Protein chains: 2
Amino acid sequence: MRIGELAALVGVSTRTVRHYHHIGLLPEPARQANGYREYRLADAVALARVRQLARLGLSLDELRDVLADDDGRDLREMLQELDADLAREQEAIAARRARLAALLARADEGSGALMSAGMADVLRGLSLDGSRFAELDRQMLTLASAMGGPEGESAVVELMRPLTEPDTLAGGLDLYRRLDDLAGADPDDPRVAGLAADLAGHITDAMASAMIENSRDPAAGGSPVTDGDRWLETLAGEMTSAQAAVLRQLMERLRERTSC
Amino acid sequence: MRIGELAALVGVSTRTVRHYHHIGLLPEPARQANGYREYRLADAVALARVRQLARLGLSLDELRDVLADDDGRDLREMLQELDADLAREQEAIAARRARLAALLARADEGSGALMSAGMADVLRGLSLDGSRFAELDRQMLTLASAMGGPEGESAVVELMRPLTEPDTLAGGLDLYRRLDDLAGADPDDPRVAGLAADLAGHITDAMASAMIENSRDPAAGGSPVTDGDRWLETLAGEMTSAQAAVLRQLMERLRERTSC
DNA sequence: GGTTGACCTTGACGCGACGTCAACGTGTCT
DNA sequence: AGACACGTTGACGTCGCGTCAAGGTCAACC
């Protein structure tokens, strides 16, 4: 039997057979006078056994180990381990499909590509043409919802809901304007303290807790939802010094409030 | 923000970020004076969106296409296609686990590594120390069962059951000896015809049908169980000319029998 | 005898999503 | 001044083969 016949008999490509020779998974058979490989029935049996196990998902390295010491004992162990791996993979795929389904459902009702209608509403409410701060806030919220997955996003939407009510919203947009006005100001500008106080008044206790929880110093380890914290520094880096001062004073006020 | 902070914030490695730059999935940000990449919040948002989709299993090429034209329409198509792929993969894994479970169950009761107790019985019954023919038969059966999967193996066991009964078995082993005796004989040896007749007498109708079905010429396409046919030639190649003559006459008799 | 075409040989690159190492520059702390 | 953590580019390794490339072998047909 030549290599093409062997491959056809077992149902693989000749490349596969040569690959198995190359990695030592199948022994090289004797050669004919012209250099062609000459296979016997026993080679076909060996190849079929290899394929039988490979189809199940064992790696070729594992196969070589298993077939080397034809023990049958550690083969069972390997197969059980493989089954556990496959089970884990099944769960992972199921989880992916669940997230996918949630995403698709939200894409059907929502306006944007990846967010729910609720999230789209929040972002629309916070938009204020030409405001750098509104844009920053929107980016932070988008980031939080993209990183937390579906449950993270709905948590964000839930937290932000109080801010989207019409009367509250108008005051919030005014705060954006006042922050924007501080763009070129000094960190000691008299408007800073008052603005921080007004901002704190707009932030609910739940929002304050979430913000503080996710901005703890690295030693404590972040929450599972937003993995890397230090978003405060990131955010501050996008502001001018006066605006960053407002942010610092705001966080101080929030920490005082939650510690009481 | 430098690359390490960005990576920590989103929860990936710096290598991943640079990889995304390299393949054009994320735009290269501005550089600081020292050559370091300088990231803004918007970059973190883009990266988080990429990861959100990548976690679902989209390839980076697909991601680039999707994010290029931020349409939202073909994104849904891609996600639905992805869901279908994942569903297929789930089925494939389930099938693998089913075969694995069958194999494990058989390994628990069987003697050998990969076969059921029934198959082990058949092979033990057909063993005859020093007989080349018994060995060939065992190899053929092993090959058939390894290639057909669990259902193929049980089919083989079912087919061979009549041969494993004690009185039939003794006659079969005698046939092996007579075949072995023909090793150095001439193809025209007078014993050939009688041996073919006796062999035909030992083969049940079901076995004859299976043998003929799986030895049709390549034009007709083999059965789904044993993919490559022409096993007859393979088998004949392992014999001497007189033994091959017996095989040819045997197949002729079987064909006559099933055509009536 | 020449040609075609199917088969065989070895050798090498490609894929996908990064991990990992090399060799080097930069910035901060002691 | 040295240690150390970070950044830079570049290149190789992973896994199971598919797919050329550049030939040699053999049977069949003109």
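How many nonpolar, polar and charged residues does the surface near DNA strand C have? The views below come from a predicted model, and the first one takes up this question.

**View 1. The protein surface near DNA strand C.** By class, this surface has 4 nonpolar, 8 polar and 6 charged residues. There are 18 residues around DNA strand C, and A:G4, A:R37, B:N34, B:S59 and B:L60 come nearest. Both chains take part. Chain A supplies at least two residues from each of helix 1 (3-10) and helix 2. Chain B does so from each of helix 2 and helix 4 (60-68).

**View 2. The protein surface near DNA strand D.** Around DNA strand D there are 17 residues, of which A:S13, A:N34, A:S59, B:G4 and B:R37 come nearest. Four elements give two or more residues each: helix 2 (14-22) and helix 4 of chain A, and helix 1 (3-10) and helix 2 (14-22) of chain B. Helix 2 of chain A gives the most, with 3 residues. The classes here are 4 nonpolar, 8 polar and 5 charged.

**View 3. Residue A:L60 in helix 4 of chain A.** Helix 4 covers residues 60-68 and holds A:L60. Is A:L60 buried or exposed? The residue is partly exposed, because 15 other C-beta atoms lie within 10 Å, and a buried residue would need 20 or more. Leaving aside residues up to four places away in sequence, A:L60 touches A:I23, A:L25 and A:A54. A:L75 is 15 residues from A:L60 along the chain, and their C-alpha atoms are separated by 14 Å.

**View 4. The contact between chain A and chain B.** The contact takes 50 residues from chain A and 49 residues from chain B. On the chain B side, two or more residues come from each of helix 1, helix 3 (41-54), helix 5 (73-109), helix 7 (132-160) and helix 11 (231-237). Helix 5 of chain B provides the largest share of this side, 17 residues. Sorted by class, the chain B side has 26 nonpolar, 12 polar and 11 charged residues. Of the interface residues of chain B, 100% are also interface residues in chain A, so the two copies meet through the same surface.

**View 5. The axis relating the two chains.** A turn of 180° and a shift of 0.0 Å along the axis lay chain B on chain A, with an RMSD of 0.2 Å. The two copies are therefore related as by a two-fold rotation axis. Which C-alpha of chain B is nearest the axis? That of B:Q90 is, at 3.2 Å from the axis.

**View 6. The kink in helix 7 of chain A.** Helix 7 of chain A runs over residues 132-160. A straight helix of 29 residues would span 42 Å at 1.5 Å a residue. Helix 7 of chain A spans only 19 Å between its end C-alpha atoms. Where does the kink lie? A kink of about 145° is found at A:G149, shortly before the proline A:P150.

**View 7. Residue A:M211 in helix 10 of chain A.** A:M211 belongs to helix 10, which covers residues 205-213. With 18 other C-beta atoms within 10 Å, A:M211 is partly exposed. A:W231 is 20 residues from A:M211 along the chain. The C-alpha atoms of this pair are separated by 9.7 Å.

Key: Residues are numbered from 1 along each chain as its sequence is written. Chains are lettered from A and ligands numbered from 1 in the order in which they are written. This is a predicted model: local features need pLDDT of at least 70, side-chain atom pairs count only at pLDDT 80 or more; totals for chains, interfaces and linings use all residues. A residue is buried if 20 or more other C-beta atoms lie within 10 Å of its own, exposed if 12 or fewer, and partly exposed in between; C-beta atoms are placed from the backbone. Two residues are in contact if their C-beta atoms, placed from the backbone, lie within 7 Å. A residue is near a molecule or strand if its C-beta atom, placed from the backbone, lies within 6 Å of it. Ala, Val, Leu, Ile, Met, Phe, Trp, Tyr, Cys and Pro count as nonpolar, Asp, Glu, Lys and Arg as charged, and the others, Gly among them, as polar. The expected span of a helix is 1.5 Å times one less than its number of residues. The bend at a residue is the angle between axes fitted to the seven residues ending there and the seven starting there. Copies are superposed by least squares on the C-alpha atoms of residues with pLDDT of at least 70 in both.
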